[in-house]
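Trainee: Could you take me through one part of this model closely, namely the surroundings of the ligand, and then place that part within the rest of the chain? I would like one connected account that I can follow with the structure open.

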Amino acid sequence: MINKIKGTQDILPSEINKWQDLEEVMRNVSKLFNFKEIRTPIFEASELFHRSVGETTDIVKKETYDFEDRGKRMNTLRPEGTASVVRSVIENKLYTEENLPLKLYYYGPMFRYERPQKGRQRQFHQFGAEIIGTDSPLADAEIINFAATFLKALKINDIKIQINSLGDQESKQKYMEALREYLKPNIKHLCNDCNRRYEENPLRVLDCKVDMDNPVLINAPKPLDYLSDEAKMHFDHVIMALEELDLDYTINKNLVRGLDYYTHTVFEITSDLETLGSQSTLVGGGRYNNLYKSLEGPDLPAVGFAFGIERLLLALEAINKEESKDFIHCYFLSIGDIYQTEALKIINDLRHGGIIIDYDFFNKNLKQQFKQADRLNPKYYLIYGEEEAKKRTINVKSTETKEQVEVDIDNLYQYLVNGLTNRSCSGGCGSCDGC
Ligand code: HAM
């Protein structure tokens, strides 16, 4: 037997409702904030991720799925969505002045070769959003508010918004120099990876999962202390907007995020819900003002976020203890297989009118058909045999009230619609109490 690859997951029919419910909320909230969906390929030229996420990040160093195609080009399964959106906006020239700011969202599988555990997979799904073409601090607040509103719509209220600023390129550069100086005498006390990171990009030392509790890292200089006046003003304005929006936040001076493209605001929303285990970060994001330019695009400042869908579903397990049960509107039971064939047109007409209906393919006897019907949880059984065929009627039995009514085939659709929408009949069905 061939099994699924470690760190991947089948999403089975029994689990699909919770995915689709979440996707519906995602689309509705995106509409509220007036974001449009963009869909990009799941693999790109490897260079795109090397140059955006960053050569020295754990993602590019250790986690990408890279492969050479038959034309000897290096490709990578996308580890995140931002870089692909940037590539697509530049390539398709979506950035004309009248289009700006672009407000885009995306949803789909991402791939990272990480050590799988609860809430951490090798193929996982992200819902991400990006505001492109404005450096307004209000856009930073808008993106954080969008993320918080989405969580609220999912009824995930136990959340912590953590925010920090890395400043503009100049502040970031100053901070990196200070960090390098600070780490120099201490670096030998840190792990081998940190020693490599120190040489390549000292900021990445702060991502260390081995030494994260080491006092050397805890006491390291903080980016907020190196902000230029302009960067500080930007950050203060973001904070003011968050306060105006009544969003609870904490400034986490240690937050730097593990991707190289960030400037100014970075943020994460975490939750302490026990079902999340140790992977408590639901969403991460921030501003990236230089990425478009660095990929030979125009000068487009941008800000965005990405949620991990599997983690949201884990969080929802703590909240929605009861799963919503599948149902259909009607199950069609026939007494004798010729009546099943005869009923095809009736079934089809009902479906065209929006009634969800299913029936038997196995020539089961009536008792077995009832058993199968009950597995599918219909609102009505529709029973049809020789008697009914002669009279051009159907016996309709409600699974809730157990009441059985003989309805003319011509009135069947109206009868069902009235019953399913709990409307009293306006005189057309010919079979209800009012007729
Ligand atoms: P990220 O922090 O790398 O940011 O990922 C965002 C979210 O994806 C995480 O907070 C987590 O919920 C989820 N995630 C990441 N890796 C895994 C994994 N292996 N298994 C399950 N879930 C995972 C980004 O990807 C940036 N592109 C976000 C962004 C958009 N910044 C600006 N715009």
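Mentor: Before the ligand itself, a word on the setting: this is a predicted model, and its domain assignment gives domain 1, made of 16-168 + 228-319, and domain 2, which covers 328-420. The C-alpha centres of domain 1 and domain 2 lie 49 Å apart.

Turning to the ligand, 27 residues surround it, and of these Glu80, Arg112, Glu114, Gln121 and Tyr262 come nearest. Three polar contacts can be followed atom by atom, beginning with the side chain of Thr82, where an N or O atom is 2.9 Å from a nitrogen atom of the ligand. Arg112, one of the nearest residues, has a side-chain N or O atom 2.9 Å from an oxygen atom of the ligand. At Thr281 the backbone takes part instead, with an N or O atom lying 3.1 Å from a ligand oxygen. On its own the ligand has 660 Å² of accessible area, and the protein covers 96% of that area.

The make-up of the shell can be described both by class and by element. By class, the shell has 10 nonpolar residues, 10 polar ones and seven charged ones. By element, strand 6 (123-132), strand 10 (281-287) and strand 11 (302-308) each supply at least two residues, and the largest share, six residues, comes from strand 10.

Those three strands belong to a wider arrangement, an open sheet of eight strands with mixed pairing, whose order is 1-5-6-11-10-9-7-8. If you read along that order, strand 6, strand 11 and strand 10 follow one another. Strand 1 and strand 8 stand at the edges and have a single partner strand each, so one side of each is left without a neighbour in the sheet. At the strand 8 edge, strand 7, residues 160-165, pairs with strand 8 in the parallel sense over three bridges, and within that pairing Ile163 has Ile251 of strand 8 as its bridge partner.

Several loops that lead into these strands repay a careful look at the backbone. Between helix 4 (82-91) and strand 5 (102-111) runs the loop that holds Pro101, and here the peptide bond joining Leu100 and Pro101 is cis, with omega at about -5°. In the loop between helix 1 (16-32) and strand 1 (36-37) you will find Asn34, which has a positive phi of about 60° although it is not a glycine; its relative accessible area is 57%, which makes Asn34 exposed. The loop between helix 9 (229-244) and strand 8 (249-251) holds Asp246, again a residue that is not a glycine but has a positive phi of about 60°. Asp246 is likewise exposed, with a relative accessible area of 69%. These two loops lead into strand 1 and strand 8, the strands that stand at the edges of the sheet.

Away from the ligand, domain 2 covers 328-420, and there helix 14, residues 366-376, is capped at its N-terminal end by Asn365, a side-chain oxygen of which lies 3.1 Å from the backbone nitrogen of Lys367. Just after helix 14 comes Asn377, with a positive phi of about 60°.

Methods: Residues are numbered from 1 along each chain as its sequence is written. This is a predicted model: local features need pLDDT of at least 70, side-chain atom pairs count only at pLDDT 80 or more; totals for chains, interfaces and linings use all residues. Side-chain values use heavy atoms; hydrogens and water are left out. Domain bounds come from an automatic or database domain assignment. Helices (H or I, at least four residues) and strands (E, at least two) are DSSP runs, numbered from the N terminus. Buried means under 20% relative accessible area, exposed over 50%, partly exposed in between (1.4 Å probe, protein chains only). A residue is near a molecule or strand if one of its heavy atoms lies within 4 Å of it. A polar contact is a pair of N or O atoms within 3.5 Å; within protein, one must be able to donate a hydrogen and the other to accept it, and residues adjacent in sequence count only if both atoms are side-chain atoms. Accessible areas come from the Shrake-Rupley method with a 1.4 Å probe; for residues, only the protein chains shown count as cover. Ala, Val, Leu, Ile, Met, Phe, Trp, Tyr, Cys and Pro count as nonpolar, Asp, Glu, Lys and Arg as charged, and the others, Gly among them, as polar. Two strands pair if DSSP finds at least two bridges between them.
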